[in-house]
Amino acid sequence: YYTINAYLADAAGLRPGSPVTLDGVRIGEVEGVAVSGDPRGNIRVQLRISQRNPVPGDAKLTLASSGIFGDSFLAFSGAS
């Protein structure tokens, strides 16, 4: 596994263990969520990603939801 830190304006519903996907395939999970003073975003989300699934540098990250209860997850998409 390797770690990616993402900075978001809002992390509504994210928690440790929430899935991380790349073009619809689960590649990891949220490891931690913390308040950040970083100008890139108020929330720092630490992602644990499988080394078998490298995230392309041009992939976009979005906060998404699924399921009957609207469980939140992070989705990388648009990779070339």
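Q: Two strands pair if DSSP finds at least two bridges between them; how many bridges join E2 to E3?
A: This is a predicted model in which local features need pLDDT of at least 70, side-chain atom pairs count only at pLDDT 80 or more, and totals for chains, interfaces and linings use all residues. Residues are numbered from 1 along each chain as its sequence is written, and side-chain values use heavy atoms, with hydrogens and water left out. Strands are DSSP runs of E with at least two residues and helices are runs of H or I with at least four, numbered from the N terminus. In E3, Glu 29 is the bridge partner of Pro 19, and the two strands, which run antiparallel, are joined by a number of bridges equal to four.

Q: How many helices and how many strands does the protein have?
A: Read from the N terminus on, the elements follow one another as β-β-β-β-β-β. The count is therefore zero helices and six strands.

Q: In what order do the six strands lie in the open sheet?
A: Strands of a sheet pair through backbone hydrogen bonds, either parallel or antiparallel. Here the pairing is mixed: E1 and E4 pair in the antiparallel sense over seven bridges, whereas E2 and E6 pair in the parallel sense over three. The order across the open sheet is E1-E4-E3-E2-E6-E5.

Q: Which strands stand at the edges of the sheet?
A: A strand with a single partner strand has one side left without a neighbour in the sheet, and this holds for residues 2-8 and for residues 60-66. The second of these stretches, E5, pairs with E6 (residues 71-77) in the antiparallel sense over seven bridges, and Lys 60 stands opposite Ser 77 in E6. The edge strands are therefore E1 and E5.

Q: What is the phi of Asp 23?
A: Asp 23 lies in the loop between E2 and E3, two strands that form a hairpin with two residues between them. At 49% relative accessibility, this residue counts as partly exposed, the class between buried (under 20% relative accessible area) and exposed (over 50%), with a 1.4 Å probe and protein chains only. Although Asp 23 is not a glycine, its phi is positive, at about 50°.

Q: Which element gives the largest share of the largest nonpolar core?
A: A nonpolar core is a set of buried Ala, Val, Leu, Ile, Met, Phe, Trp, Tyr and Cys residues joined through side-chain atoms within 4.5 Å. Of the 16 residues in the largest one, Val 20, Val 45, Leu 47, Leu 74 and Phe 76 touch the most other members. E1, E2, E3, E4 and E6 are the elements that give two or more residues to this core. The largest share, four residues, comes from E4.

Q: Which residues make up the uncovered face of E4?
A: In soluble globular proteins, nonpolar side chains tend to be buried together. The covered face of E4 holds Ile 43, Val 45, Leu 47 and Ile 49. Val 30 stands opposite Leu 47, and the contacts of Leu 47 (heavy atoms within 4.5 Å, leaving aside neighbours within four places in sequence) include Ile 4, Val 20, Leu 74 and Phe 76. On the uncovered face of E4 stand Arg 44, Gln 46 and Arg 48.

Q: Is Gly 41 buried or exposed?
A: Gly 41 lies in the loop between E3 and E4, which pair in the antiparallel sense over seven bridges. Leaving aside its neighbours within four places in sequence, Gly 41 is in contact with Tyr 7, Leu 8 and Ser 36. With a relative accessible area of 8%, Gly 41 is buried.

Q: What is the radius of gyration of the protein?
A: The C-alpha atoms fill a box of roughly 30 × 30 × 20 Å, taken along the principal axes. For 80 residues the globule rule, 2.2 Å times the number of residues to the power 0.38, gives 12 Å. The radius of gyration, taken over C-alpha atoms, is close to that value, so the protein is as compact as a globular protein of that length, at 12 Å.

Q: What share of the residues in the protein is buried?
A: The accessible surface, from the Shrake-Rupley method with a 1.4 Å probe and, for residues, only the protein chains shown as cover, comes to about 4,900 Å², of which 50% belongs to carbon and sulfur atoms. Of the 80 residues, the buried ones make up 34%.

How values were computed: Two strands pair if DSSP finds at least two bridges between them.
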